[in-house]
Amino acid sequence: ELEHVAKVICHSGPGVKRYFPIVLNSGEYLDDYDVTPTDILLAIVAEVGAALNAKLGIRLQDSIVTRRLGEIKDYLLSDIEINEAEIPISEAKVKIQRLKKDATARAQVRSKLLPQMSSLQDEINVVFAEARTKLRGIRVPEGEHPYDDFVLIVDDLEKIQRISGVEEGARSHQELFIERAPQLTGLKAHVIFTVPLALVRSHGPELHQIYGSEPFVLPMIKVASRTTSALFVDGQQKLIEIMQKRAGSTPIYHVIVPDALDWLIRYSGGHVRNLMTFVQRATTYVSEAPITLPAAKRALNQSVALLSSSIR
């Protein structure tokens, strides 16, 4: 869905601004069980520099951040690379990604940068201003709208399990997105953050107040009316289309009989991954295609048992 958002904002229409999307997969930079805001800021500046360079040929030259990267280059570079004069922002991505697998280097970088956190944020905002200016100055083909700005989409932050020095789970989520929110909201750019659903449910009003907008909960595909529980046909048809794509050239009803597929679609709750799992399980209860309704019902037993154990 975030990739889809990126494609939409990259194209403009009459009276619609055009944005350059930068999608940061935080899993490429961060150890989910050992994270600090410093790690996130380094990942952001590295991804912005790399994306602009790779896709638009823009090389960011901000000397302050380049000098800051030079201060920590001993922890980022190999013995062979250590003689490099500096680490350009546009080429910092691979080097900063190494911190994910090196706990010692991470600790050294944090120790060096933590006392400078406030100035580091200001320096990154200077980089953003440079990026914005160069982005708007790009020549585009005739008839195409120039970029107005960029949007940073930070994906997979909801998967972070522990902030360094804080208890794993909900306490760490609260620490990152609420207690240390100024280090995220201090970025002068359009940013989309992904957050844990449990945090939205428990601290939704606080998140709204801190970040200035209500958290958007990405829904599953609608398969039933919330008020009447009646089947929502459009959603059902969309899930049938998805299953047909998985079946390839074989007609889907040669794989699973209609009433069995309808049953699994309804009980998937519109969750595509669950639907795929149910169909996969159902194959173990038939010796040949198609999957029958009794097999489909048996495929739900494991999930029913799991969910029932959590209900008092």
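Start by selecting Glu130: with 17% relative accessibility, this residue counts as buried (under 20% relative accessible area is buried, over 50% exposed, and partly exposed lies in between, using a 1.4 Å probe and protein chains only). Add Lys134, which is partly exposed at 32%. Their side chains form a salt bridge whose closest N and O atoms are 3.0 Å apart; the term means a side-chain nitrogen of Lys or Arg within 4 Å of a carboxyl oxygen of Asp or Glu. Both residues belong to helix α7, four residues apart, about one turn of the helix. Helices here are DSSP runs of H or I with at least four residues, strands are runs of E with at least two, and both are numbered from the N terminus.

A word on what you have loaded: this is a predicted model, in which local features need pLDDT of at least 70 and side-chain atom pairs count only at pLDDT 80 or more, while totals for chains, interfaces and linings use all residues. Residues are numbered from 1 along each chain as its sequence is written, and side-chain values use heavy atoms, with hydrogens and water left out.

**More salt bridges**

Next, go to helix α8 (residues 170-179), where Glu175 and Arg171 also sit four residues apart, about one turn of the helix. They form a salt bridge with 3.5 Å between the closest N and O atoms. Glu175 is buried, at 12% relative accessible area, while Arg171 is partly exposed at 36%.

Now select Lys93 and Glu28, whose side chains meet in a salt bridge at 3.8 Å, N to O. Lys93 lies in helix α5 (residues 93-97) and Glu28 in the loop between β1 (19-25) and α2, so this pair ties together parts that are 65 residues apart in sequence. Lys93 is partly exposed at 22% relative accessibility, and Glu28 is partly exposed at 35%.

For a bigger selection, pick Asp31, Asp34, Asp39, Arg106 and Arg110, which are linked in a network of salt bridges. In total, the structure has 16 salt bridges by this rule.

**Cavities**

Keep Asp39 and Arg106 selected and add Tyr29, Leu30, Leu42, Ile96, Leu99 and Lys100: together these residues line the largest cavity. On a 1 Å grid over the protein atoms alone, a cavity is a set of points where a 1.4 Å probe fits but cannot get out, and lining residues have an atom within 4 Å of a point. This cavity holds about 60 Å³ of space, a volume being the space filled by probe spheres set on the grid points, which are joined across faces, edges and corners. Its lining has five nonpolar, three charged and no polar residues. In that scheme, Ala, Val, Leu, Ile, Met, Phe, Trp, Tyr, Cys and Pro are nonpolar, Asp, Glu, Lys and Arg are charged, and the others, Gly among them, are polar.

How many cavities of 30 Å³ or more does the structure hold? There are two, and the second largest has about 30 Å³ of space. To find it, select Leu42, Val45, Val65, Arg68, Leu69, Leu120 and Ile124, which line it. Helices α2 (37-56), α3 (63-71) and α7 (117-136) each supply at least two of these lining residues, with the largest share, three residues, coming from α3. Six of the lining residues are nonpolar, one is charged and none is polar.

**The sheet**

Switch to a cartoon view and select the strands. Three of them form an open, parallel sheet in the order β1-β2-β3; two strands pair if DSSP finds at least two bridges between them. β1 and β3 stand at the edges with a single partner strand each, so one side of each has no neighbour in the sheet. From one strand to the next, the twist averages 20 degrees (axes are lines fitted to C-alpha atoms, for helices over the stretch in contact, and angles run from 0 to 180 degrees between N-to-C directions).

Zoom in on β2 (residues 149-155), which runs parallel to β3 and is joined to it by four bridges. Val154 has Phe193 in β3 as its bridge partner.

**The largest pocket**

For the last stop, select Thr194, Val195, Phe216, Val217 and Leu218, which lie nearest the centre of the largest pocket among its 37 lining residues. A pocket is an open set of grid points with protein on both sides within 12 Å along at least five of seven lines. The volume of this one is about 1700 Å³. Elements giving two or more residues to its lining are α1 (2-9), α9 (182-185), β3 (190-193), α10 (197-211) and α14 (272-282). Colour α10 to see the largest share of the lining, six residues. By class, the lining has 23 nonpolar, six polar and eight charged residues.
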